[in-house]
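Please open the model in your viewer and keep the selection tool at hand, as the tour below moves from one selection to the next.

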Amino acid sequence: MSSSSPSNMERRRPAAEMALFRTKLGRDPALLILAVGGLAGCSSKAPTIDACHLLAREDIAVTLEVGVGPGKRMDDGPTRDGAYSSTCVWEVHVESASRSSARRLILLNAMRWPNGRDPGKFLHAFRAAAKDGMIPHALEPLAIGDESFWWGDGVAVRTGRISYGVSVLIPDADAGWRRARSEDLAGLVASGL
């Protein structure tokens, strides 16, 4: 076997990772944004992107009217589809009457697609997940970027050669408020691209 051909383990990795995410989806549907964006394994040169530079911590704090910790970059790098996948997570500091121990986060996964690759693939994956019943909500079109929709736990957007997803993961906040803030943050990303 040549050094450039993937091993059996590498070929099985995306399927194993998707199975892991499907298992976790029952507990946390917002993990779909990571599953769709993060299946790494391509050795081709993909143009890079840094999700933490697409949203300013101060803009998140003003939009949510809460304290926000620094962004933590967790890139998957080149994906099997040729894009470069970058994730940034910000911890949100909220006083909660429920005293829940659940983490409160803002999650942004961004993918930059090279010429010749379909930047809509990220959104297509959400459509397929909704069709397969992995997303228990109808996708609702939005007017952000070139193409976007609300998928029940976040916003998925395509703008030019970049696709991204934003989720406000504050479990004890009102669902309508979480949706509105996810849309606000997705709009801020689009306006900066």
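## Salt bridges and two single residues

Select Asp81 to begin: in this predicted model, Asp81 is partly exposed, with a relative accessible area of 25%. Add Lys121, which forms a salt bridge with Asp81 in which the closest N and O atoms are 3.3 Å apart. Asp81 sits in the loop between strand 3 (77-78) and strand 4 (84-93) while Lys121 belongs to helix 4, so the pair ties together parts that are 40 residues apart in sequence. Lys121 also counts as partly exposed, at 38% relative accessibility.

Next, select Glu147 and Arg158, whose side chains meet in a salt bridge at 3.3 Å, N to O. This pair links distant parts of the chain, with Glu147 in strand 7 (residues 147-150) and Arg158 in strand 8 (residues 155-159), eleven residues apart. Extend the selection to Arg127 and Asp146, since salt bridges that share partners join Arg127, Asp146, Glu147 and Arg158 into one network.

From Arg127, move to Leu139, which lies in the loop between helix 4 (121-131) and strand 6 (140-141). Leu139 and Arg127 are twelve residues apart in sequence, and their C-alpha atoms are 7.6 Å apart in space. Not counting residues up to four places away in sequence, Leu139 touches several residues, among them Phe126, Arg127 and Trp150.

Finally, select Thr63 in helix 3 (residues 57-64). Is Thr63 buried or exposed? Thr63 is buried, because its relative accessible area is 18% and buried means under 20%. A polar atom of the Thr63 side chain lies 2.7 Å from the backbone oxygen of Asp59.

How values were computed: Residues numbered from 1 in each chain as written. Predicted model: local features only at pLDDT ≥ 70, side-chain atom pairs only at ≥ 80, totals over all residues. Heavy atoms only, no water. Helix = DSSP H or I, 4+ residues; strand = E, 2+ residues; numbered from the N terminus. Buried < 20%, exposed > 50% of the residue type's maximum accessible area, 1.4 Å probe, protein only. Polar contact = N/O pair within 3.5 Å; in protein donor to acceptor, adjacent residues only side chain to side chain. Contact = heavy atoms within 4.5 Å. Salt bridge = Lys/Arg side-chain N within 4 Å of Asp/Glu carboxyl O.
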